[in-house]
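Please look at the sequence and the model below before reading on. The report that follows takes up a few parts of the fold in turn, and then a metal site.

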Amino acid sequence: MTPEEALEQAALAGIHRLSVDTPFRVGPVNCYLVEGDPLTLVDTGPNSGTTLDALQSQLSAHGHAIDDIELIAITHPHLDHLGLTKIIVEHSGAEVAALAPLAEKLKDFPADADEEDAFAVEIMRRNGIPAEVAEALQLVSSSFRGWGSAVDVTRELADGDSIRLGDREFEVQHRPGHSTTDTLFWDADGEILIVGDHLIAHISSNPLISRPLDGSEGRTRSLIEYVESMKRTRELPAKIVLPGHGEPITDHVELIDARLASIQRREEKIYRLIKEQARTGYELAQAIWGNVAVTQAFLTLSEVIGNADVLVEEGRVREADDGTVIRYEAT
Ligand SMILES: [Zn+2]
């Protein structure tokens, strides 16, 4: 099945891809219209008038309008996926469904984003990223804040719940990795899986380091969680996987195997670098990618820390903390 055929099949099931532009490096984001009762939008795109216009015109091509939306389901709390939620709710009175732990975070969006940024700065400092890079990144992040918005979640979801989107029954699947609250919607009848950024065909998703979902101290082991999540997704007999960016995925097993293999390859590369000499996360990222743009610094750091976590878990590497920075060294 080609990606075009996958979109056609999904459309026959009443699921339509709506693609809207974003100001972010990732490019356009996919929202999905699920027709029926309740008329549902999965993700909304960033908070901007242009997005609203784009959604409105794509909805009208299917005979619907923003005001008709009855339910918004959220895959994960990144600005490009949910920024417009509040405005759509103001127009339509739609319910908002999201994983329960997201409710509190989204209600107080600016404060939560500030906390996440402060957390990221601390992670960067502890992993050897120069202060000026961390500060520049924090500025970039707060300048993006306007593309998001606070959201009142009216329907809290848990892993394993059933939820009706349009005329179809979906199972809610919590699959952390890219974010701590990545939420997949699985239509077992249609063998269609809506995944947000859990899987993307043309780029690998960053397993972003974050604060633990349960509010505990420390940070997530995002790559370890992500690998676990991908292995669970691999088991699903999905025919069509609808991602948050780019084209549908029609062989998710092959894609997941490729992603797992490349994670493994990078892990070995990182192990060789650490064996050569003890290095900070920043030094590892630089050894692999060179000097990256400021906006990419936290993403690449998340990648290498994720790989190092696996090496620590395997007992091949340990963290040496000199009180200022953490260095990884071979055991
Ligand atoms: Zn995204």
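Along strand β7 (residues 162-165), which side chains point to one face and are buried, and which point to the other and are not?

## Strand β7 and its hairpin

In this predicted model, the side chains of strand β7 alternate: I163 and L165 are buried and point to one face, whereas S162 and R164 point to the other face and are not buried. Burial here is counted as under 20% relative accessible area.

Strand β7 pairs with β8 in the antiparallel sense over four bridges, and one of the residues involved is L165, whose bridge partner in β8 is R168. The two strands form a hairpin with two residues between them, and in the turn G166 has a positive phi of about 55°.

## Q173 in strand β8

Strand β8 covers residues 168-174, and Q173 has its place in this strand. Is Q173 buried or exposed? With a relative accessibility of 3%, Q173 counts as buried, because the cut-off for burial is under 20%.

The side chain of Q173 is joined to that of E171 by a polar contact of 3.4 Å. If residues up to four places away in sequence are not counted, Q173 touches D159, D182, T183, L184, W186, L193 and L236.

## The sheet of six strands

Six strands make up an open sheet in the order β1-β2-β3-β4-β5-β6, and their pairing is mixed. At the edges stand β1 (15-20) and β6 (155-157), each of which has a single partner strand, so one side of each is left without a neighbour in the sheet. On average, neighbouring strands of this sheet are turned by 25° against each other, with direction ignored.

Strand β2 (29-34) is mostly covered, since six of its six residues are buried. Its side chains point in two directions, with V29, C31 and L33 going one way and N30, Y32 and V34 going the other way, and all of them are buried. On one hand, β2 pairs with β1 in the antiparallel sense over six bridges, where I15 stands opposite V34. On the other hand, β2 pairs with β3 over three bridges, again in the antiparallel sense, and the bridge partner of Y32 in β3 is V42. The strands β2 and β3 also form a hairpin with five residues between them, and G36 in the turn has a positive phi of about 120°.

Towards the other end of the strand order, β5 (residues 95-99) pairs with β6 in the parallel sense over three bridges, and A98 has E156 in β6 as its bridge partner. Helix α5 (residues 100-107) packs on the sheet, where it touches β5 and β6, and its direction makes about 115° with that of β5. Another helix, α2 (residues 49-61), lies across β1, β2 and β3 (40-42), and runs at about 150° to β1.

## The sheet of three strands

An open sheet is also formed by three strands in the order β12-β14-β13, with antiparallel pairing. Its edge strands are β12 (279-280) and β13 (317-321), each of which pairs on one side only. Strand β12 is joined by two bridges to β14 (residues 326-330), and these two strands run antiparallel. In this pairing, T280 stands opposite R327 of β14.

## The zinc site

Which residues are the protein donors of the zinc ion? They are D80 (OD), H81 (NE2), D197 (OD) and H245 (NE2), which lie 2.0 to 2.5 Å from the ion. Along the chain, these donors follow the spacing D-H-x115-D-x47-H.

Helix α3 (residues 79-82) holds H81, while H245 lies in the loop between β11 (240-243) and α9 (252-276), so this pair ties together parts that are 164 residues apart in sequence. Both histidines fall under the cut-off for burial of 20%: H81 counts as buried at 0% relative accessibility, and H245 counts as buried at 1%.

Why is the arrangement of the four donor atoms around the zinc ion irregular? The angles that these atoms subtend run from 87 to 164°, whereas a tetrahedral arrangement would need all angles to lie between 85 and 135 degrees. For comparison, the ideal angle at a metal with four tetrahedral donors is 109.5 degrees.

Key. Residues numbered from 1 in each chain as written. Predicted model: local features only at pLDDT ≥ 70, side-chain atom pairs only at ≥ 80, totals over all residues. Heavy atoms only, no water. Pairing = 2+ DSSP bridges. Donors = N, O, S within 2.8 Å, 3.2 Å for Na, K, Ca; no water. Tetrahedral: all angles 85-135°; square planar, octahedral: opposite > 155°, others 65-115°. Buried < 20%, exposed > 50% of the residue type's maximum accessible area, 1.4 Å probe, protein only. Axes fitted to C-alpha atoms, helices over the stretch in contact; angles between N-to-C directions. Contact = heavy atoms within 4.5 Å. Polar contact = N/O pair within 3.5 Å; in protein donor to acceptor, adjacent residues only side chain to side chain.
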